[in-house]
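Let's take a friendly walk through this structure together. Please have the sequence and the 3D view open before we begin.

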Amino acid sequence: MMIHQFQILGTGSALPPRRVTNDDLAKLVDTSDSWIVERTGIRERRVAADDVATSDLAAGAIRRACTDAGIEPGELDGLIVATSTPDTVFPSTACWTQQKLGISGMFALDISAGCSGFVYALELAGSLLTSGRCKKVAVVGAEVMSKVVDWSDRSTCVLFGDGAGAVVIGPTSEARGVLGAHWGADGAHARSLYQPAGGTAMPASEQTVRERKHSVHMQGKNVFRHAVGQMASAAQAALQEAGMTTDDIDVFVPHQANLRIMEATRQRLQIDNQRVFSIIARYGNMSAATIPVALDEGCRAGRIGPGKVVVTTAFGTGYTWAAHVLRW
Ligand code: UT7
């Protein structure tokens, strides 16, 4: 049974040009290339310039996805931006993105579901297409994590990177789109990975700045443990809904926070390494941008294309989790 029938018309990504290597980080904090590679699989990450906001990357990724789809951004019926690092608390990053694309009229909204954000957003966009409400929607995961990271905290600053990835989806009469899906959340763990200040719970003050409450606070081990279990079980549930098993997967694109998390998830699902598409070594954890950038690079590398069964699975702040079985 097809859950959401749509075609991925185009993909695109936008990565800031500045590369920051592990050796560069070792000049800032007490760390080393060997520790970071061994514990996370990350070798370098991209870091946005001071004057680049999340919407700049989102607009770049959407522009490329539209070019790939052969349409103008103005032809979109809507855009959904998944991000945890919005340009401003309000308005939405989607509205800033519209402004930068020079388009208006269509709906524009943000989804805040951390690293699961892109899968959440694609699930919503898919249902808008299935309902007939929309014809062409851009879904983008975009983050500038470097501006919410505490660059003096070695346990978090080595993990994250900046980037954006987008897809444009449209209607089709073929059996393509979402074959199976699963999503969920558990707010009991909200404090395990969060940015304490800047919202209504703890408005910005001199004290919040002094105490570095505007940056990522994470209980790494707790996140790690839950990530492996939830990413594996979300993928299993989506496969079950699709009436498939892991043997049916052509390409597996897990959220890429830590190579060890990806590896443990892959082992639980008993998927061989050749079917995993990994970009973590070059980009680190780009939160909601990780999966769509991997999908775009997978298309460019010829690994993902029409007819392929692609499984995505993600886990992030909230906690949230989400998985899709897609027929490309
Ligand atoms: O997308 C979801 C968001 N985040 C995640 O998914 C992250 C999930 N968690 C993780 O990836 C891992 O827990 C980390 C990579 C964050 C940490 O790895 P770990 O194997 O759990 O290390 P640890 O926290 O147990 O730390 C081991 C040691 C500690 O030293 P002591 O206490 O044993 O002396 C840390 O202080 O490693 C130390 N350490 C570091 N050493 C060098 C922590 N960060 C670093 C570092 N360089 N960057």
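Strands here are DSSP runs of E with at least two residues, and helices are runs of H or I with at least four, each numbered from the N terminus. With that naming in hand, Tyr-319 falls in the loop between β13 (309-316) and β14 (320-327). Keep in mind throughout that you are looking at a predicted model.

That loop is a good place to start, as the peptide bond from Gly-318 to Tyr-319 is cis, with omega near -10°. A second cis peptide bond runs from Phe-90 to Pro-91, and its omega is near 0°. To find Pro-91, look in the loop between β5 (78-82) and α4. Most peptide bonds are trans, and most residues other than glycine have a negative phi. On the subject of phi, Arg-212 is a residue other than glycine with a positive value, near 55°. Arg-212 sits in the loop between α7 (206-210) and β11 (217-218).

Now follow the chain from Pro-91's loop to α4, which that loop borders. Helix α4 (residues 93-101) packs with helix α3 (residues 54-69): their axes come within 8 Å and cross at roughly 60°. Angles of 65 to 115 degrees would count as roughly perpendicular and those under 35 as roughly parallel, so α3 and α4 are oblique to each other. Their crossing is right-handed. On the α3 side, the contact is made by Thr-54, Ser-55, Asp-56, Ala-58, Ala-59, Ile-62 and Arg-63, while α4 brings Thr-93, Trp-96, Thr-97, Lys-100 and Leu-101. By class, the residues of this contact of α3 with α4 are five nonpolar, four polar and three charged.

A second helix pair is found further along. Helix α8 (residues 220-242) and helix α9 (residues 259-269) have axes 9 Å apart and pack at an angle of about 40°. That angle makes α8 oblique to α9. Here, too, the crossing is right-handed. From α8, the contact residues are Phe-224, Ala-227, Val-228, Gly-229, Met-231, Ala-232, Ala-235 and Gln-236; from α9, they are Arg-260, Ile-261, Ala-264, Thr-265, Arg-268 and Leu-269. The contact of α8 with α9 holds nine nonpolar, three polar and two charged residues.

Finally, turn to the ligand. Which residues come nearest to the ligand? Of the 22 residues around the ligand, they are Thr-31, Arg-39, Arg-154, Lys-221 and Asn-258. For Arg-39, an N or O atom of the side chain is 2.7 Å from an oxygen atom of the ligand. The side chain of Arg-154 likewise places an N or O atom 2.9 Å from a ligand oxygen atom. With Trp-35, the partner is a nitrogen atom of the ligand, and a polar side-chain atom of Trp-35 lies 3.4 Å from that nitrogen.

Definitions and conventions
Residues numbered from 1 in each chain as written. Predicted model: local features only at pLDDT ≥ 70, side-chain atom pairs only at ≥ 80, totals over all residues. Heavy atoms only, no water. Axes fitted to C-alpha atoms, helices over the stretch in contact; angles between N-to-C directions. Parallel < 35°, antiparallel > 145°, perpendicular 65-115°, else oblique. Left-handed = near helix turned anticlockwise from the far one by under 90°. Contact = heavy atoms within 4.5 Å. Nonpolar A, V, L, I, M, F, W, Y, C, P; charged D, E, K, R; others polar. Near = heavy atom within 4 Å. Polar contact = N/O pair within 3.5 Å; in protein donor to acceptor, adjacent residues only side chain to side chain.
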